[in-house]
Amino acid sequence: MTAPDVPAAESAVDGSARRGFGVDVGGSGVKGGIVDLDTGQLIGERFKLDTPQPSTPEAVAKTVAAVVREFGWTGSLGVTYPGVVTNGVVRTAANVDKGWIGVNAAEVISAELGGQHVTVLNDADAAGLAEEQYGAGKDNSGVIVLLTFGTGIGSAVIHNGVLLPNTEFGHLEVGGKEAEHRAASSVKERKDWSYERWTEEVTKVLTVIENAIWPDLFIAGGGISRKADKWIPLLKNRTPVVAATLQNTAGIVGAAMAAVADVTATGR
């Protein structure tokens, strides 16, 4: 693809759309793109490369840099990571190389880009920010919880636009099991459950969360959210549940948001 020559978001002072850049790092792919921060839409196509194997910090940083250079982007950028990140430092590594633990991901990626400013945040947190601002939560206020159902369960908590990072609700104990071992969509597939059977387990997880923090809205993400009409109506918890709308672009959009503004409750 031909990469457009686009300035950083903070330099868009001519009345045109505010623009940012986000990269979403996953277990199988590293994808990025330019984001219109007024609408939450991608400007042009996203660009994707395979996640290197092994997915060491150095190898992933080079891949992220290659995605960024495809667009000629030289400003600040945000990058998602599939685990806990505090102050740019990786704390967990469930689906990537264990060598990430203790690494300052922001510094490693920035070094590959010649010193560009890089903000790194949890992937579900990025998706939650995007959905709250531009997607399924945009007309809602209060406490919004995004849960991504996939191999595990990712989570994000946003209160009136402010992120509480690294909630990791997938690891909550629910009836003697971790939530994601009970209700991830991978469990449904592995056990060949019907939607009716699976939503019994999802309801248990949602009930534990809502009894702890009383959210105003749950947003259900992950691939299974594309079939939300088959299972969300079957849930029996108290809090309203809606399907995510941004799907594959949420991580990129949320990362771009985090790069241009302090969106967390802790400033980390």
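**Exercise 1. Sort the residues that line the second largest cavity into nonpolar, polar and charged.**

Step 1: get the classes straight. Ala, Val, Leu, Ile, Met, Phe, Trp, Tyr, Cys and Pro count as nonpolar, Asp, Glu, Lys and Arg as charged, and the others, Gly among them, as polar.

Step 2: know what you're working with. This is a predicted model, where local features need pLDDT of at least 70 and side-chain atom pairs count only at pLDDT 80 or more, while totals for chains, interfaces and linings use all residues. Residues are numbered from 1 along each chain as its sequence is written, and side-chain values use heavy atoms, with hydrogens and water left out.

Step 3: list the lining. On a 1 Å grid over the protein atoms alone, a cavity is a set of points where a 1.4 Å probe fits but cannot get out, and lining residues have an atom within 4 Å of a point. Here the lining is Leu147, Phe149, Val202, Leu206, Phe218, Ile219, Ala220, Trp231, Leu235 and Val241.

Step 4: sort them. You get 10 nonpolar, no polar and no charged residues.

**Exercise 2. Find which element gives the most to the lining of the largest cavity.**

Step 1: write down the lining, which is Val25, Val60, Val64, Val79, Thr80, Tyr81, Trp100, Ala105, Ile109 and Val120.

Step 2: look for elements that give two or more residues; they are α1 (57-70), β4 (77-81) and α2 (105-112). Helices (H or I, at least four residues) and strands (E, at least two) are DSSP runs, numbered from the N terminus.

Step 3: pick the winner. That's β4, with three residues.

Step 4: check the classes too: this lining has nine nonpolar, one polar and no charged residues.

**Exercise 3. Work out whether Val174 is buried or exposed, and what it is in contact with.**

Step 1: place the residue. Val174 sits in strand β11 (residues 173-174).

Step 2: apply the cut-offs: buried means under 20% relative accessible area, exposed over 50%, partly exposed in between (1.4 Å probe, protein chains only). Val174 has 4%, so it's buried.

Step 3: list its contacts (heavy atoms within 4.5 Å). Skip neighbours within four places in sequence, and Val174 touches Ala179, Arg182, Lys204, Val205 and Val208.

**Exercise 4. Say how far apart the C-alpha centres of the two domains lie.**

Step 1: find the domains, whose bounds come from an automatic or database domain assignment. They are domain 1 (19-125 + 250-259) and domain 2 (139-244).

Step 2: read off the distance between their C-alpha centres, 25 Å.

Methods. On a 1 Å grid over the protein atoms alone, a cavity is a set of points where a 1.4 Å probe fits but cannot get out, and a pocket is an open set with protein on both sides within 12 Å along at least five of seven lines; lining residues have an atom within 4 Å of a point.
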